[in-house]
Amino acid sequence: MSAPQQSAAPAVPDTAVRDTADSAPDDSASGAASPSAPDATYDVIVLGGGPVGENAAQYAIEGTDLTAAIVEEALLGGECSYYACMPSKALLRPIDVARTTETLPGVATAALEPEALLARRDDWVSHYDDAGQARWAEGAGLALERGHGRLVGERRVEVLAADGTRRVLAARHAVVLATGSEAAIPGPLQGIEPWTSRDATGVVEVPERLVTIGGGVVACEAATWMRALGSAVTMLVRGDALLSSAEPFAGEAVAESLEGAGVRIVREARVAQAHRPQAQPTGLGRVHGGTVTVRCEDGTEHEADEVLVATGRRPRLGDVGLESIGLGADEVLAGRLPAWLHAVGDASGEAPLTHWGKHRARVVGARIAAAATGAQPPFEVPDAPVPQVVFTDPQVASVGETEAQARERGAEVVTAQVPFGAAAGTALLRDAVPGRAQIVVDRATGLLLGAAFVGPEAAELVHAATVAITGRVPVAVLRHAVASYPTASELWLRLLEELPRELRAPVGPPVSAPGR
Ligand SMILES: Cc1cc2nc3c(=O)[nH]c(=O)nc-3n(C[C@H](O)[C@H](O)[C@H](O)COP(=O)(O)OP(=O)(O)OC[C@H]3O[C@@H](n4cnc5c(N)ncnc54)[C@H](O)[C@@H]3O)c2cc1C
Ligand SMILES: NC(=O)c1ccc[n+]([C@@H]2O[C@H](COP(=O)([O-])OP(=O)(O)OC[C@H]3O[C@@H](n4cnc5c(N)ncnc54)[C@H](O)[C@@H]3O)[C@@H](O)[C@H]2O)c1
């Protein structure tokens, strides 16, 4: 589906590749066999050039004279740039704007132009060409080794290029696994060439009838743009809610909105079988064969022109040579790795989100640089919270723990909830404002544990919560962080006002925040 660009040679001048004579790793130290002497040696080798691998490589050499290579078998920039975040958000933003115009008197309702929308998507994925990313890598002083990389021993990586040539690379200090993830396709749907998220973001032929399987982020976002493009969408959800890992009111609001737009949501629908004549890989975003019939365990059948499987992703660790160093995927996912080997991003099993993977890559990259140069490792925050935005209408923006997660952990929590339109700034966004906002606060410390904003343009509200959780700002102090009038951020004031007085306005001397 992708159009890999292949070249056996590194994309940066050979000056970035140090002489290997006296510094190649000593294989005898580990007892691991090396298939051959290295063709090149770098200080750091990163397997996988997605956003996470790029950041790991960049931070591992920044401000040093270390060298790093990124090994990439397809498009430099990874899933996020060409098949995931960027195309999906490029599709969703005009849809969001058009929806907003439906609710705002004083502006004509905007009509979507499907062809122009897909053309915008194509621009945002650089027409599946990674030349710009390759230029960035070169500018950052990173070597680019094109081909499939796998470990072949301790700090050894073999790169198999598209033309069949093999190069063995040696890493003086570290190897980073940043190989991303792949769509998980349940058994009954294998063999019928279903769409994955790649086809949905790369849509070329809009199927008249689309069935989606799954009730998570991909299903909800894709249902939004596929419905807007004209598909009759039926979502088969095996549970009773959408976005089940978020606060319950998030899934309810998104379901109401999708149903309002004409999407059919079938809950408790467990897929037992799927059938399709002439299933074939016709290309990215094209209909992959004849009519699909999906049969559920309760005997109901759903017919469609295409089926999108959105049932989660799994780390891509199957063909990275872990066995050559006596490890398996379980060790990677549990973080049981030798000191020279690191895993980051989707491949690590941590939250499969670009910003989180990139953050961890910066941390790990800086650690590698410090260890390699003998510098003091940079300060880290071990329990930084993970934010996420689901770009549905309404948007779902959340960070930290949900109320249920905090209670399950045994925390004594207080929550505050307000309608999303409770502040003048949010009420002005649309004439009818759906959604809610909620904060979860630890009763004993007054610290924020989690926050969720469900509403139009909620995305930008969540960073304040991320800052408050990361910086351990008590709600009594947060109350004095004044939002401008009339902005959406004033929702914070409304939320804090809902908390018990002893938490938000305790009596005492002025200013008691730590560090002041
Ligand atoms: C439809 C969709 C929308 C998304 N939207 C968002 C969003 O809005 N915001 C967000 O934060 N996250 C989003 N995500 C998640 C995000 O795409 C991932 O978290 C992110 O791409 C992970 O980056 P990565 O670098 O770890 O992996 P990837 O982006 O998957 O990159 C891995 C790279 O490694 C290469 N590779 C793999 N194995 C090898 C090998 N053996 N040798 C050489 N190269 C190899 C691959 O070709 C690929 O280029 C979305 C995901 C999907 C599916
Ligand atoms: N805006 C964003 O940040 C964004 C957008 C898209 C994807 N992503 C990331 O990509 C990852 C993958 O997204 P996703 O939606 O595929 O996964 P997900 O984990 O969000 O949702 C998977 C859904 O599939 C269901 N499911 C799992 N196995 C099933 C089966 N065998 N049969 C039927 N249903 C099944 C689950 O119950 C759930 O509803 C997510 O973890 C998400 O973080 C992020």
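Phe453 is a buried residue, with a relative accessible area of 0%. Keep in mind that this is a predicted model, so every value here is computed from it. Phe453 sits in strand 21, and strand 21 pairs with strand 18 through six bridges. Further on, we'll look at the aromatic rings, the strands and what surrounds ligand 1.

**Phe453 and its ring partner**

- Phe453 teams up with Trp492: their ring centres are 5.6 Å apart and their planes meet at 55°, so this pair is called tilted.
- Trp492 belongs to helix 15 (residues 491-497) while Phe453 is in strand 21, so the pair ties together parts that are 39 residues apart in sequence.
- Is Trp492 buried or exposed? With a relative accessibility of 9%, Trp492 counts as buried, because buried means under 20%.

**Strands around strand 18**

- Strand 18 (residues 395-400) pairs with strand 17 (residues 387-390) in the antiparallel sense, and four bridges hold that pairing.
- Strands 17 and 18 make a hairpin, with four residues between them.
- If you want one bridge to look for, try Val390, whose partner in strand 18 is Val396.
- Strand 18 also runs antiparallel to strand 21 (residues 448-455), and here the bridges number six.
- On that side, Gln395 stands opposite Gly455 of strand 21.

**The tyrosine cluster**

- How many aromatic pairs does the structure hold? There are three.
- One of them is Tyr83 with Tyr128, a stacked pair with 5.8 Å from centre to centre and 25° between the planes.
- This pair links distant parts of the chain, 45 residues apart: Tyr83 is in the loop between helix 2 and helix 3, and Tyr128 is in the loop between helix 4 (114-124) and helix 5 (131-139).
- Ring pairs bring Tyr82 in as well, giving a cluster of Tyr82, Tyr83 and Tyr128.
- Tyr83 has a relative accessible area of 2%, so it counts as buried, the limit being under 20%.
- Tyr83 has a polar link too: its backbone oxygen lies 2.8 Å from a polar atom in the side chain of Thr201.
- Thr201 has its place in helix 6, and at 3% relative accessibility Thr201 is buried.

**Around ligand 1**

- Which residues come nearest to ligand 1? Of the 34 residues around it, they are Glu72, Lys89, Gly149, Asp346 and Thr354.
- Asp346 has a side-chain N or O atom 2.8 Å from an oxygen atom of ligand 1.
- For His355, a side-chain N or O atom is 3.2 Å from an oxygen atom of the ligand.
- Cys80 takes part through its backbone, where a polar atom is 3.5 Å from an oxygen atom of ligand 1.
- On its own, ligand 1 has 1,000 Å² of accessible area, and the protein covers 93% of that.
- Sorted by class, the shell around ligand 1 has 16 polar, 11 nonpolar and seven charged residues.
- Several elements each supply at least two residues of this shell, including helix 1 (51-61), helix 3 (85-102) and helix 10 (354-373).
- Strand 2 (68-72) and strand 4 (148-153) are also among them, and so is helix 6 (197-201), the helix where you met Thr201.

Conventions
Residues numbered from 1 in each chain as written. Chains lettered and ligands numbered in written order. Predicted model: local features only at pLDDT ≥ 70, side-chain atom pairs only at ≥ 80, totals over all residues. Heavy atoms only, no water. Near = heavy atom within 4 Å. Polar contact = N/O pair within 3.5 Å; in protein donor to acceptor, adjacent residues only side chain to side chain. Areas by Shrake-Rupley, 256 points an atom, 1.4 Å probe, with all protein chains shown as cover. Nonpolar A, V, L, I, M, F, W, Y, C, P; charged D, E, K, R; others polar. Pairing = 2+ DSSP bridges. Phe/Tyr/Trp six-rings, centres within 6.5 Å; stacked < 30°, edge-to-face > 60°. Buried < 20%, exposed > 50% of the residue type's maximum accessible area, 1.4 Å probe, protein only.
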